[in-house]
Amino acid sequence: MSMWKETTTARLTPTPAPEAREPSKFDTPSKPELVPTPAAAPIARADTGVPRKESLIAGDIAIDGKIEGGGSVRVAGKFKGDVNVQGDLTIESGAKLTGSVRADKVTIAGELEGNVEQSSHVDVLQTGVVIGDLKAGSVTVATGARMRGQAEFGWDEGDASKAGKYSSGFGAKSGAGS
């Protein structure tokens with residue numbers, strides 16, 4: 001039995017260079033090059049009279065932090081921290097907020113442990129509990145509501161030096177000698 005090995009050499013043929021040709025109607029166009037543009041200045045939002053959006057802290061949530069913004073906030077759970085919003089703040093029945101508050105209108109049906117430092121109007125509903133001071137343009141307190149602290153309302157900022165403070169709540173004493 002004999003064996004042999006055949007040796008062949010492959011012919012190397014140069015590959016032709018691609019031809020320059022005109023694009024046909026079936027060719028896909030190349031992607032345009034994106035040129036960065038300067039950032040546009042933010043547009044000032046006009047007050048359209050449309051109610052602002054409301055954020056909700058649900059009943060089964062507890063949050064520690066700080067809330068700031070232009071919208072309204074509804075607390076149905078537990079929040080510990082300061083709230084500073086340009087909209088309204090609602091503390092629902094069974095909810096608790098621990099911290100200071102600045103909002104356009106504050107409605108308290110749950111518990112607020114802290115001060116309302118600035119508000120145009122505060123509503124303390126029948127189930128509401130406030131442990132802290134209130135400072136607002138006006139205050140409405142429903143029968144059955146509870147408060148321990150001072151309330152200052154009905155005064156302009158310029159009249160703050162003349163503003164009287166009114167104590168409310170359990171165990172509060174008033175008059176000379178307190």
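V101 is buried in this predicted model, with a relative accessible area of 0%. The residue belongs to strand 7, which covers residues 101-102. Beyond four places in sequence, V101 touches V83, L89, V106, L112, N115, V116, E117 and Q118. A further distance places V101 relative to the later part of the chain. The C-alpha atoms of V101 and K135 lie 10.0 Å apart, across 34 residues of sequence.

L89, one of the contacts of V101, has a list of its own. With neighbours up to four places away set aside, L89 is in contact with V73, V75, V83, L97, V101, A103, K105, V106 and T107. V83 and V106 thus recur, being contacts of V101 and of L89. L89 also has a marked place in the largest nonpolar core. That core holds 25 residues, and L89 and L97 touch the most other members. Several strands feed this core. Strand 3 (72-75), strand 4 (78-85), strand 5, strand 8, strand 11 (121-124), strand 13 (134-136) and strand 15 (146-153) each contribute at least two residues. The top contributor is strand 4, with 3 residues. In soluble globular proteins, nonpolar side chains tend to be buried together.

The chain is built from strands. Its secondary structure comprises 16 strands and 0 helices. Six of these strands form an open sheet with parallel pairing, in the order 1-3-5-8-11-14. Strand 1 (54-57) and strand 14 (138-141) occupy the edges; each has a single partner strand, so one side of each lacks a neighbour in the sheet. On average, neighbouring strands of the sheet are turned by 10° against each other, direction ignored. Strands of a sheet pair through backbone hydrogen bonds, either parallel or antiparallel.

Within this sheet, strand 5 (residues 88-91) and strand 8 (residues 105-108) run parallel and are joined by 4 bridges. Two of the residue pairs can be named. T90 has T107 in strand 8 as its bridge partner. I91 is matched with I108, also in strand 8. On to the next strand in the order, strand 8 and strand 11 are likewise parallel, with 4 bridges between them. Here K105 stands opposite H121 in strand 11. K105 is also among the contacts of L89.

T90 offers a second view of strand 5, the strand in which this residue is found. Its relative accessible area is 14%, and because the cut-off for burial is under 20%, T90 counts as buried. Leaving out residues up to four places away, T90 touches V73, R74, V75 and T107. T107 is therefore both a contact of T90 and, by DSSP pairing, its bridge partner. V73 and V75 are contacts of L89 as well.

Parallel pairing extends to strands 12, 13 and 15. Strand 12 (residues 129-131) pairs with strand 15 in the parallel sense over 3 bridges. In this pair, V130 stands opposite M147 in strand 15. Strand 13 and strand 15 also run parallel and are joined by 3 bridges. There, A136 stands opposite F153. Strand 13 and strand 15 are both among the strands that supply at least two residues to the largest nonpolar core.

A145 sits just before this region, in the loop between strand 14 and strand 15. Beyond four places in sequence, A145 touches V124, L125, Q126 and G128. The C-alpha atoms of A145 and G128 are 5.1 Å apart, although 17 residues separate them along the chain.

Chain-wide values complete the picture. Of the 178 residues, 26% count as buried. The accessible surface comes to about 13,700 Å², and carbon and sulfur atoms account for 53% of this area. Among contacts with a separation of 6 or more, 2% join residues 24 or more positions apart.

Confidence varies along the chain. The mean pLDDT is 76, and 58% of residues reach 70 or more. Over residues 36-46 the pLDDT is below 50, and this stretch has 0 contacts beyond near neighbours in sequence. Residues 160-167 also stay under 50 in pLDDT, yet the model gives this stretch 16 contacts beyond four places in sequence.

Notes:
Residues numbered from 1 in each chain as written. Predicted model: local features only at pLDDT ≥ 70, side-chain atom pairs only at ≥ 80, totals over all residues. Heavy atoms only, no water. pLDDT = per-residue confidence, 0-100. Contact = heavy atoms within 4.5 Å. Buried < 20%, exposed > 50% of the residue type's maximum accessible area, 1.4 Å probe, protein only. Areas by Shrake-Rupley, 256 points an atom, 1.4 Å probe, with all protein chains shown as cover. Pairing = 2+ DSSP bridges. Axes fitted to C-alpha atoms, helices over the stretch in contact; angles between N-to-C directions. Core = buried A, V, L, I, M, F, W, Y, C linked by side-chain atoms within 4.5 Å.
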